[in-house]
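Take a look at the sequence and the structure. This report follows one sheet, strand by strand.

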Amino acid sequence: GTLTVTVVGAKDLASPDWKPYATLRVGDKEQKTKHTGKTSTPEWNETFKFTASSHTQKAYIWLHDHKTLGKDKEIADGEVEIWRHIQPEGMTQADVFIELR
């Protein structure tokens, strides 16, 4: 089936000087949000669609600081156990908040 994920935003990032963006991976597909301006509370409100099955156990997310020059820096990461929050029958959507490390 199709798993639809909306990345709303983040809060309480350690630095207001970061230009954060999020990378999501479900299965072997990765998608990225746009990077924001410098902020510790970015808002993206971007929606992505992924192919998922009962074998797709987790969604992974990373936050990076966008660098104009040089390599972007990973600033946080986390994961969600998909089937803990939704079920193919019954509960087909859920709001999930992730505490990133």
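## The sheet

Two strands count as paired if DSSP finds at least two bridges between them. The model here is predicted. In it, 4 strands form an open sheet. Their order is β3-β2-β5-β6, and the pairing is antiparallel.

Which strands sit at the edges? They are β3, at residues 29-32, and β6, at residues 73-81. Each of these edge strands pairs on one side only. The sheet also twists: from one strand to the next, the average is 20°.

## Strand β5 and its partners

Strand β5 covers residues 58-65. In the sheet order, β5 stands between β2 and β6. How many bridges link β5 to β6? There are 8, and the two strands run antiparallel. Two residue pairs can be picked out. K58 has E81 of β6 as its bridge partner. D65 is partnered with K73, also in β6.

Now turn to β2, which spans residues 20-26. It is joined to β5 by 7 bridges, and this pair is antiparallel too. One of the bridge pairs matches R25 with Y60 of β5.

## Burial

Is β5 mostly covered or mostly open? It is mostly covered: 6 of its 8 residues are buried. Buried here means under 20% relative accessible area.

A general point helps when viewing any sheet. Along a regular strand, side chains alternate between the two faces of the sheet.

How values were computed
Residues numbered from 1 in each chain as written. Predicted model: local features only at pLDDT ≥ 70, side-chain atom pairs only at ≥ 80, totals over all residues. Heavy atoms only, no water. Axes fitted to C-alpha atoms, helices over the stretch in contact; angles between N-to-C directions. Buried < 20%, exposed > 50% of the residue type's maximum accessible area, 1.4 Å probe, protein only.
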